[in-house]
Amino acid sequence: MALLSTACTSVTSDTTTESVSEDLRERTGHVLAPPEPESATGLPEGVVLTDGLTEDESVAIALWNNPDFLADLSDLGLARADLLAAGLLQNPVLSLLFPSGPKQLEAALRWPLEALWQRPRRVSIAQTNVEVVASNLVQSGLSVARDSKTAFADLILAKRLRDLDSLAAEQAEEIARLMRVRLRLGDISELEASAATQAAVAAAQQEHRSRSGASLAEDRLLALLGLGEQERRVALDPVVATAEAAVVPALERLLDDALAARPDLRAAELEVEAAANRVGLAKSERLKLTAAIDADETDGDRLLLGPGLDFELPIFDRSQAEIARAAALIEGAGHRYAAARSRIVLEVRECHALLSLADQALARHRRDLLPVLGETERRVRKAYEMGEVASLEVTRAELVTLGGHREEAELAHQVATEWARLEASVGMNLRSLPAANQQAGE
């Protein structure tokens with residue numbers, strides 16, 4: 001009776017949307033929206049778009065609103081429902097044969113006993129599946145955070161290029177104007193003036209593309225953040241972080257952290273455990289035993305009750321197919337775990353290498369090239385003030401400096417996106433790591 005009472009107890013799991021939210025908070029610093037959020041704006045508490053949008057706020061909004069991620073969260077509810085179903089016992093079956101003519105009333109009550117020893121394994125498999133789904137949801141949340149950071153960096157780059165290309169177009173047009181003046185004075189050939197005009201037209205076209213690119217980048221970020229039509233009408237003003245750039249962490253520590261922290265690796269490990277439990281379940285299904293109580297009506301209007309058992313003889317079907325399937329699942333789960341581990345190591349190594357290269361390139365550009373461009377422009381301006389060169393040379397020097405700033409913006413964008421990819425590959429926020437765990441890029 002104690003075993004039957006335990007078997008009739010409903011099965012629940014501590015793995016819920018709230019636990020997924022807490023796991024994401026530890027990894028990203030942000031949580032999921034509660035079932036009934038207090039804010040009516042569709043934004044996390046403290047986030048206001050009109051005062052500018054930071055990278056951190058974009059992650060918070062994406063985890064709060066991203067429609068694809070919210071749809072994925074329903075998988076956890078389905079897994080919990082499967083767990084509840086795994087803990088339920090099959091209802092007994094009552095068969096009645098009614099009296100007719102000389103035939104007496106007959107009744108039989110049957111209930112499969114094998115459910116008692118199969119239930120723990122079924123529950124264990126379903127519980128493991130809940131944890132697998134939760135781990136995969138955390139990994140999906142990390143991907144959402146990565147994508148929001150990348151889209152935020154894309155918007156910063158797009159708006160920066162738009163502004164730089166607008167200035168470049170103005171300077172190219174000024175050069176073309178000055179070249180036309182020199183053509184009228186007979187100082188240059190028509191071919192040189194035509195080349196300057198073509199350059200001005202190309203710069204104007206580039207400015208138009210940059211403006212369109214900035215608009216599209218904003219639309220992509222808004223869609224990723226899952227904002228409604230009211231918020232979509234607000235122009236996003238990305239706020240560039242002014243804090244000192246974080247040091248690229250050491251590769252060895254990143255590999256250890258990734259193998260310990262990646263939720264998808266934990267999900268693969270749990271799948272191996274679930275596959276092993278399926279082998280035990282398949283073997284237990286060889287024994288199929290049904291308890292029966294038979295009742296027959298006698299001539300004296302009395303019922304004669306008698307217990308019995310239905311036992312399936314495992315002569316032909318001894319669950320060979322189920323056991324073979326479960327064994328194949330174990331093998332496949334083991335290979336998937338090894339593949340996931342290998343993939344994670346490769347992702348971390350690749351992201352670390354690309355981030356180090358981008359960080360070094362940006363540092364060299366700011367250290368070696370931009371000061372030279374600035375000094376050259378300063379000297380040309382001084383020469384112009386002294387009457388040694390024409391204003392055309394000043395405009396050309398400014399255009400070259402703008403090109404240097406454009407390259408700087410692209411390198412900074414690459415650093416930002418590689419940071420986002422590296423954090424996603426490790427499964428945690430790396431900028432908050434202690435200094436002892438980091439090393440500067442050489």
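**Exercise 1. Which residues line the largest cavity?** In this predicted model, identify the lining and sort its residues by character.

*Solution.* Begin with the search of the whole structure, which finds one cavity of 30 Å³ or more. About 40 Å³ of space lies in the largest cavity. The next step is to list the lining, which consists of Glu 285, Arg 286, Lys 288, Glu 312, Pro 314, Asp 317 and Ser 319. Finally, sorting these residues by character gives one nonpolar, one polar and five charged. Because Pro counts as nonpolar and Asp, Glu, Lys and Arg count as charged, the nonpolar member of the lining is Pro 314.

**Exercise 2. Place Arg 349 in the fold and find what it touches.**

*Solution.* Start with the secondary structure, where Arg 349 belongs to helix 10, which covers residues 320–385. Next consider the surface: Arg 349 has a relative accessible area of 42% and is therefore partly exposed, since that class lies between the 20% and 50% limits. Then leave aside the neighbours within four places in sequence, and the contacts of Arg 349 are Leu 251 and Leu 255. For Leu 251, which is 98 residues away along the chain, the C-alpha atoms of the two residues are separated by 7.2 Å.

**Exercise 3. Work out which parts of the chain the salt bridge between Asp 310 and Arg 110 ties together.**

*Solution.* The structure holds 28 salt bridges, and one of them is formed by the side chains of Asp 310 and Arg 110, with an N to O distance of 2.9 Å. Asp 310 lies in strand 4 (residues 303–311) and Arg 110 in strand 2 (residues 106–112), so this pair ties together parts that are 200 residues apart in sequence. As for exposure, Asp 310 is partly exposed at a relative accessible area of 32%, and Arg 110 is also partly exposed, at 33%.

**Exercise 4. Are Glu 218 and Lys 159 buried or exposed, and where do they lie?**

*Solution.* The side chains of Glu 218 and Lys 159 meet in a salt bridge of 3.5 Å, N to O. This pair links distant parts of the chain, with Glu 218 in helix 6 (residues 190–225) and Lys 159 in helix 5 (residues 114–185), 59 residues apart. Glu 218 counts as buried because its relative accessibility is 15%, under the 20% limit, and Lys 159 likewise counts as buried at 16%.

**Exercise 5. Which residues form the network that includes Arg 262 and Asp 264?**

*Solution.* The side chains of Arg 262 and Asp 264 form a salt bridge of 2.7 Å, N to O, and both residues are buried. Salt bridges that share partners then join Arg 262, Asp 264, Arg 343 and Glu 347 into one network.

Technical notes: Residues numbered from 1 in each chain as written. Predicted model: local features only at pLDDT ≥ 70, side-chain atom pairs only at ≥ 80, totals over all residues. Heavy atoms only, no water. 1 Å grid on protein atoms, 1.4 Å probe; cavity = no way out; pocket = protein on both sides within 12 Å on 5 of 7 lines; lining within 4 Å. Points joined across faces, edges and corners; volume = space filled by probe spheres on them. Helix = DSSP H or I, 4+ residues; strand = E, 2+ residues; numbered from the N terminus. Buried < 20%, exposed > 50% of the residue type's maximum accessible area, 1.4 Å probe, protein only. Contact = heavy atoms within 4.5 Å. Salt bridge = Lys/Arg side-chain N within 4 Å of Asp/Glu carboxyl O.
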